Amino acid sequence: MNLKPKLELSSLNVRGLNNQKKRQTIFHWLKSSHPGVTLLQETYSQERDEDLWVSDWGNKIIFSHGTRHSSGVAILLDDKYEYVVAEVKRDMNGRFLLVNIHMND
């Protein structure tokens with residue numbers, strides 16, 4: 001029998017993740033207590049942060065960047081799901097992120 005995991009979503013306003021210790025603490029907490037897909041608001045991310053944040057998370061992250069001091073949203077994906085990112089739409093101000101994801105066929 002092939003059981004597919006139930007999709008679990010969580011959402012969190014992080015008020016900035018530029019501090020590495022804070023980011024790693026939140027990522028660790030999310031992995032241990034909120035598995036699944038996590039929607040983050042107010043990340044204060046910029047394009048230059050992507051590789052480091054993905055390394056800290058250990059899985060895929062989809063970003064819509066803000067500035068070092070405001071806005072920014074991201075979606076953290078868990079590798080327990082089989083998914084294909086079909087389409088991503090984002091604004092240039094880091095206020096929204098629309099993602100079409102195909103999961104488990």
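In this predicted model, Phe 63 is in contact, once its neighbours within four places in sequence are left aside, with Ser 45, Glu 50, Trp 53, Val 54, Val 73, Ala 74, Arg 90 and Leu 97. Phe 63 also belongs to the largest nonpolar core, as do Trp 53 and Ala 74, whereas Leu 97 is listed in a second, separate core.

**Nonpolar cores**

- The largest nonpolar core has 12 residues, namely Val 14, Leu 17, Ile 26, Phe 27, Leu 30, Leu 40, Trp 53, Trp 57, Ile 61, Phe 63, Ala 74 and Leu 76.
- At least two residues of this core are supplied by each of α1 (20-33), α2 (50-57), β3 (61-64) and β4 (73-76), and the largest share, 3 residues, comes from α1.
- The second core, which is separate and comprises 7 residues, includes Ile 75, Leu 77, Tyr 81 and Leu 97.
- As general background, nonpolar side chains in soluble globular proteins tend to be buried together.

**Packing of α1 and α2**

- The two helices, α1 and α2, pack at an angle of about 40°, with their axes 9 Å apart, and because angles from 35 to 65 degrees fall outside the roughly parallel and roughly perpendicular classes, α1 is oblique to α2.
- The crossing of α1 and α2 is right-handed.
- On the α1 side the contact is made by Gln 20, Arg 23, Gln 24, Phe 27, Leu 30 and Lys 31, and on the α2 side by Leu 52, Trp 53, Asp 56 and Trp 57.
- By residue class, this contact of α1 with α2 divides into 5 nonpolar, 2 polar and 3 charged residues.

Definitions and conventions: Residues numbered from 1 in each chain as written. Predicted model: local features only at pLDDT ≥ 70, side-chain atom pairs only at ≥ 80, totals over all residues. Heavy atoms only, no water. Core = buried A, V, L, I, M, F, W, Y, C linked by side-chain atoms within 4.5 Å. Buried < 20%, exposed > 50% of the residue type's maximum accessible area, 1.4 Å probe, protein only. Helix = DSSP H or I, 4+ residues; strand = E, 2+ residues; numbered from the N terminus. Contact = heavy atoms within 4.5 Å. Axes fitted to C-alpha atoms, helices over the stretch in contact; angles between N-to-C directions. Parallel < 35°, antiparallel > 145°, perpendicular 65-115°, else oblique. Left-handed = near helix turned anticlockwise from the far one by under 90°. Nonpolar A, V, L, I, M, F, W, Y, C, P; charged D, E, K, R; others polar.
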